[in-house]
Amino acid sequence: MSGPLPAGVGDRLTESEPLYRIRMCRDGDLDDVLVIEEQTFTDAYDREIFSQLLISEPQGFLVAEGDSGVLGYVASSGRYGLIFSLAVAATHRRRGIGRLLMVAVLGYLRGETKTVSLQVRVTNSAAITLYHQFSFKEQGKVRRYYPDGEDALVMTLDLRPA
């Protein structure tokens, strides 16, 4: 990413929390990203998809790093105004890492697009809550979007100044 990171990125969440750093993903991070992806999603993206995302828009593919390595990631495209995937390692969830990744990726996307959209499983209440905290609005559902037949909730965020 060029320029300073958005407020809150690289900060401690509380005095007792470790420092998490948000940075651009590198090819050497993909093994860790794949582990997190497979822990999180039953319909996980494969290495080829992540490699293509990294090649096509490296500034939109960010990782959260802590003392133990890569703890989460977000892959996005300003060109298409999409957040493709966001996940945090199972052992590090509910520590604010997803929030930090959202702050960083929205900081990037603000300079690239006017609106952002994403799809999320209708049963993923933790992710839906996070997206609502960032003012994403529910726009509808895509029936049977996922391979197991579950619906996806389509959410969008207008990035234009009010």
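## Aromatic pairs and a buried strand

Both Tyr131 and Phe136 are buried. The model described here is a predicted one.

A search of the whole structure finds 6 aromatic pairs. In one of them, the ring centres of Tyr45 and Phe50 are 5.9 Å apart and the planes meet at 75°, so this pair is classed as edge-to-face. Tyr131 and Phe136 also form an aromatic pair, and their arrangement is tilted. The table sets out the values for these two pairs.

| Pair | Centre to centre | Angle between planes | Arrangement |
|---|---|---|---|
| Tyr45 and Phe50 | 5.9 Å | 75° | edge-to-face |
| Tyr131 and Phe136 | 5.7 Å | 55° | tilted |

Are Tyr45 and Phe50 buried or exposed? Tyr45 has a relative accessible area of 26% and is therefore partly exposed, since the buried class requires a value under 20%. Phe50, with a relative accessible area of 1%, is buried. Ring pairs also join Tyr45 and Phe50 with Phe61 and Tyr73 in a cluster. Another kind of arrangement involves Arg121, whose charged end sits over the ring of Tyr146 at 4.2 Å from the ring centre.

The strands come next. Strand β3 spans residues 69–77, and 9 of its 9 residues are buried, so the strand is largely enclosed by the rest of the structure. Which strands pair with β3? Strand β2, residues 61–66, pairs with β3 in the antiparallel sense over 6 bridges. Strand β4, residues 82–88, is likewise antiparallel to β3, with 6 bridges.

Individual residues mark these pairings. Between β2 and β3, Val63 has Tyr73 as its bridge partner. On the side of β4, Ser77 stands opposite Leu82. The turns can be described as well: β2 and β3 form a hairpin with 2 residues between them, while the hairpin of β3 and β4 has 4 residues between its strands. In the turn between β3 and β4, Gly81 has a positive phi of about 65°.

Helix α1, residues 30–40, contains Val33. The relative accessibility of Val33 is 0%, and this residue therefore counts as buried. Which residues are in contact with Val33, leaving aside its neighbours within four places in sequence? They are Cys25, Phe50, Phe61, Val63 and Tyr73. Among these, Phe50, Phe61 and Tyr73 belong to the cluster linked by ring pairs. Val63 is 30 residues from Val33 in sequence, and their C-alpha atoms are 8.2 Å apart in space.

Definitions and conventions. Residues numbered from 1 in each chain as written. Predicted model: local features only at pLDDT ≥ 70, side-chain atom pairs only at ≥ 80, totals over all residues. Heavy atoms only, no water. Phe/Tyr/Trp six-rings, centres within 6.5 Å; stacked < 30°, edge-to-face > 60°. Buried < 20%, exposed > 50% of the residue type's maximum accessible area, 1.4 Å probe, protein only. Lys NZ or Arg CZ within 6 Å of the ring centre and 35° of its normal. Pairing = 2+ DSSP bridges. Contact = heavy atoms within 4.5 Å.
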